[in-house]
Protein chains: 2
Amino acid sequence: VLPSDYSDINCSVARTLEAVGERWSALLLRETFLGTRRFDDFQRNLGISRNVLSTRLARFVELGILKRVQYQERPARFEYRLDQAGKDLFPMLMAMTAWGDKYAPTADGPPRSFSHRDCGGSIDAVHLRCEKCGQDVGLRDVWGEAGPGAQSAPGTFAHAA
Amino acid sequence: VLPSDYSDINCSVARTLEAVGERWSALLLRETFLGTRRFDDFQRNLGISRNVLSTRLARFVELGILKRVQYQERPARFEYRLDQAGKDLFPMLMAMTAWGDKYAPTADGPPRSFSHRDCGGSIDAVHLRCEKCGQDVGLRDVWGEAGPGAQSAPGTFAHAA
């Protein structure tokens, strides 16, 4: 029987999946990296129930992936921003994006494309550096925008299709 | 309501999770990267039902993650080896390992440690290159072995603990 979580498995990959592999968690993380910060925006963009959203956000705060920051005083309002453990998921997300772009492409190309903020070069997602100027890139150095496949029908797995 | 898969979501991260995010799939992938190739070995190491294992292996073959290769003639016997789409998951797995090592560590250190086959240097998992000689590394260049935390009790999430 599959355990309800991976906590008895001494494997770092398994524990990363435990934190972010659940579907709503993954989609929530994606929203955060796309710039969404506020509860109502998460709720609208994901079509998720407020209950489930609250639970996932609280868990991400507990894990240090997001931090809850007050942005208004009266009435008190809070938003969610990437905290260090969340920022450190950037290499994983870039690797997943690259794999999905290659093996489950849309007909028109990647839904999002990434470039180096400084020089506009393409990003080598495997080595996280700029293909043009050779500089290492992190979260702050990468500019993401809608790519050629953004409006395409969802892709299928190339190999399986 | 959460759809039963991500196929209607035009996102490469979501589609990568669709392929490898399911728990048994992730653990199966891990086994493959650790060198397991044969049905009975997967079955024993994972404690998974033969039915579930068969389904997951067939799906991985369909996706080009694994290939089924005959290794004996009489009786005909087959094993599963990483195919190109599987090898291309290496950057993602290294990124997940690094995150898990950092944010859900065991008391004694990483369960596995990685080094550069050529020079023995440590691996920079974010940029996939050797920290000693600076060379880019791929799957074939990295040597993984039991790390200091291999025998530890499973780790907890550092931030949440």
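**Helix α6 and cysteines in a predicted two-chain model**

Within α6(A), the buried residues (under 20% relative accessible area with a 1.4 Å probe, protein chains only) are A:Phe90, A:Pro91, A:Met92, A:Leu93, A:Met94, A:Ala95, A:Met96, A:Thr97, A:Trp99, A:Gly100 and A:Tyr103. This helix is thus mostly covered, with eleven of its 14 residues buried. The model is predicted: local features need pLDDT of at least 70 and side-chain atom pairs count only at pLDDT 80 or more, while totals for chains, interfaces and linings use all residues. Residues are numbered from 1 along each chain as its sequence is written, chains are lettered from A in the order in which they are written, and side-chain values use heavy atoms, leaving out hydrogens and water.

Turning to the contact between chains, α1 of chain A (residues 12-20) packs against α6 of chain B (residues 90-103) at an angle of about 80°, their axes lying 7 Å apart. The two helices are therefore roughly perpendicular (65 to 115 degrees). In contact (heavy atoms within 4.5 Å) are A:Ser12, A:Val13, A:Arg15, A:Thr16, A:Leu17 and A:Ala19 of α1(A) with B:Leu93, B:Met96, B:Thr97, B:Trp99, B:Gly100 and B:Asp101 of α6(B).

As for the cysteines, the structure holds zero disulfides over all chains, a disulfide being a pair of cysteine sulfur atoms within 2.5 Å. The sulfur of B:Cys119 has its closest cysteine sulfur in B:Cys130, 3.4 Å away and so too far for a bond. B:Cys119 is partly exposed, at a relative accessible area of 24% (partly exposed lies between buried, under 20%, and exposed, over 50%), whereas B:Cys130 is buried, at 3%.

How values were computed: Axes fitted to C-alpha atoms, helices over the stretch in contact; angles between N-to-C directions. Helix = DSSP H or I, 4+ residues; strand = E, 2+ residues; numbered from the N terminus. Parallel < 35°, antiparallel > 145°, perpendicular 65-115°, else oblique.
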